[in-house]
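Hi,

Here is the structure I promised to pass on. Have a look at it first, and my notes follow underneath.

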Amino acid sequence: MKKMWTLLKKDLWTSFTDKTIVLMLFTPVMLGIIFRIVTYDTWMILLTMSLFNLVLAPLCNFPLLITEEKDRGTLPLLFRSKVTVGQFTASKAAASLLTGECMSAVVFFIAGADPALLPQYLLINLVCMASFLPYGFLTALYARDQNSVNVYSTLSVILAFVIPVFSYWNLAFGSIAVFIPTSFMGTVLSQVNPVEGFLDSSPVWSLAVCVIWFAAGLAILCAVRKKRAFFPVSAGQIK
């Protein structure tokens with residue numbers, strides 16, 4: 001437990017000091033402020049910036065934390081210090097979720113939403129972000145450096161963010177969006193401003209979608225693990 005706490009503190013520090021991660025972390029907040037100046041539409045700010053933050057945390061920030069260790073060449077040292085792959089991954093996942101939740105709360109208050117919705121909003125954010133973690137980890141496995149992460153994660157970010165947002169204007173996108181975890185945010189958005197037919201799925205269905213995505217991601221990682229070690233280092237194959 002002490003080792004995990006040490007790793008988590010280090011990863012939280014990295015999240016607020018690494019330039020690339022800081023840029024990704026604060027982009028939804030900065031855009032939220034701009035949107036707030038331009039429009040007072042709470043619903044639209046939550047739709048765009050909350051979903052943007054929700055996908056960036058697991059699909060960009062999480063793999064960026066992992067590849068940052070690759071860039072610095074600290075992986076062999078960590079594993080020789082008896083840090084397991086599980087501890088290494090869990091620490092970075094937890095740091096990504098915690099910082100993602102913090103930014104979600106900031107966006108929520110920038111949007112001017114009803115504070116009574118905050119607990120439900122943060123819980124849904126957490127569930128959605130967690131469902132994407134396996135895919136962020138998969139990106140980190142194949143990315144050589146942080147620039148590679150930004151390239152590889154583009155498609156997944158577009159899938160998870162653009163389709164639900166554009167479903168507001170296009171019914172075809174809406175029919176796809178209900179099968180993506182980010183559609184769970186419709187549960188909160190409908191309480192801010194009900195829009196008939198927009199992300200119109202029950203909380204049970206949305207939760208089931210999140211669970212299925214998470215399980216499918218784990219299955220993919222298990223298949224990858226059978227073919228290669230997650231983090232090969234000079235001292236041997238780290239599993």
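I'll start with helix 10, where the buried residues are S206, V209, C210, W213, G217, L221 and V224. Keep in mind throughout that this is a predicted model. What do those buried residues of helix 10 pack against? Their partners are helix 6 (118–142) and helix 7 (146–166). The helix itself covers residues 203–227, which makes 25 residues. From its first C-alpha to its last it reaches 37 Å, close to the 36 Å expected at 1.5 Å a residue. As for the spacing of that buried set, an α-helix has 3.6 residues a turn, so residues three or four places apart point the same way.

Next, the core. The largest nonpolar core has 71 residues, and within it V55 and F231 touch the most other members. Which helix gives the most to this core? That is helix 3 (residues 42–72), with 18 residues. As general background, nonpolar side chains in soluble globular proteins tend to be buried together.

Helix 3 also pairs up with helix 2 (residues 19–38): their axes come within 9 Å and cross at roughly 175 degrees. Angles over 145 degrees count as roughly antiparallel, and helix 2 and helix 3 are therefore roughly antiparallel to each other. On the helix 2 side, the contact is made by T20, I21, M24, L25, T27, P28, L31, G32, F35 and R36. Helix 3 brings T42, I45, T48, M49, F52, N53, L56, N61, L64 and L65. Sorted by class, this contact has 12 nonpolar, seven polar and one charged residues.

A few residues from that pairing deserve a closer look:

- F52 sits in helix 3 and counts as buried, at 17% relative accessibility. Leaving out residues up to four places away in sequence, F52 touches T27, P28, L31 and F161. T27, P28 and L31 are among the helix 2 residues in the contact with helix 3. F52 and I158 are 106 residues apart in sequence, yet their C-alpha atoms are 9.7 Å apart.
- L56 is in helix 3 as well, and at 4% relative accessibility L56 is buried. Its contacts, with neighbours within four places in sequence set aside, are M24, P28 and N61. L56 and L77 are 21 residues apart in sequence, but 28 Å apart in space from C-alpha to C-alpha.
- G32 belongs to helix 2 and is buried, with 1% relative accessibility. Beyond its neighbours within four places in sequence, G32 is in contact with M49 and I110. The C-alpha atoms of G32 and V106 are separated by 9.2 Å, with their positions 74 residues apart along the chain.

Moving to the N-terminal end, T14 is found in helix 1 (residues 2–15). Is T14 buried or exposed? T14 is buried, since its relative accessible area is 7% and the cut-off for buried is under 20%. Not counting residues up to four places away in sequence, T14 touches I21, L65 and E68. Of these, I21 and L65 turn up again in the contact of helix 2 with helix 3.

S91 is in helix 5 and is another buried residue, at 1% relative accessibility. What does S91 touch, once residues up to four places away in sequence are not counted? The list is M4, L7, L8 and D11. S91 and K9 are 82 residues apart in sequence, while their C-alpha atoms are 8.7 Å apart in space.

One last residue to check in your viewer is K82, in the loop between helix 4 (75–80) and helix 5 (85–111). Phi of K82 is near 70 degrees, a positive value in a residue other than glycine. K82 is also exposed, with a relative accessible area of 65%, where the cut-off for exposed is over 50%.

That's everything I have for now.

Cheers

Conventions: Residues are numbered from 1 along each chain as its sequence is written. This is a predicted model: local features need pLDDT of at least 70, side-chain atom pairs count only at pLDDT 80 or more; totals for chains, interfaces and linings use all residues. Side-chain values use heavy atoms; hydrogens and water are left out. A nonpolar core is a set of buried Ala, Val, Leu, Ile, Met, Phe, Trp, Tyr and Cys residues joined through side-chain atoms within 4.5 Å. Buried means under 20% relative accessible area, exposed over 50%, partly exposed in between (1.4 Å probe, protein chains only). Helices (H or I, at least four residues) and strands (E, at least two) are DSSP runs, numbered from the N terminus. Axes are lines fitted to C-alpha atoms, for helices over the stretch in contact, and angles run from 0 to 180 degrees between N-to-C directions. Angles under 35 degrees count as roughly parallel, over 145 as roughly antiparallel, 65 to 115 as roughly perpendicular and the rest as oblique. Contact means heavy atoms within 4.5 Å. Ala, Val, Leu, Ile, Met, Phe, Trp, Tyr, Cys and Pro count as nonpolar, Asp, Glu, Lys and Arg as charged, and the others, Gly among them, as polar. The expected span of a helix is 1.5 Å times one less than its number of residues.
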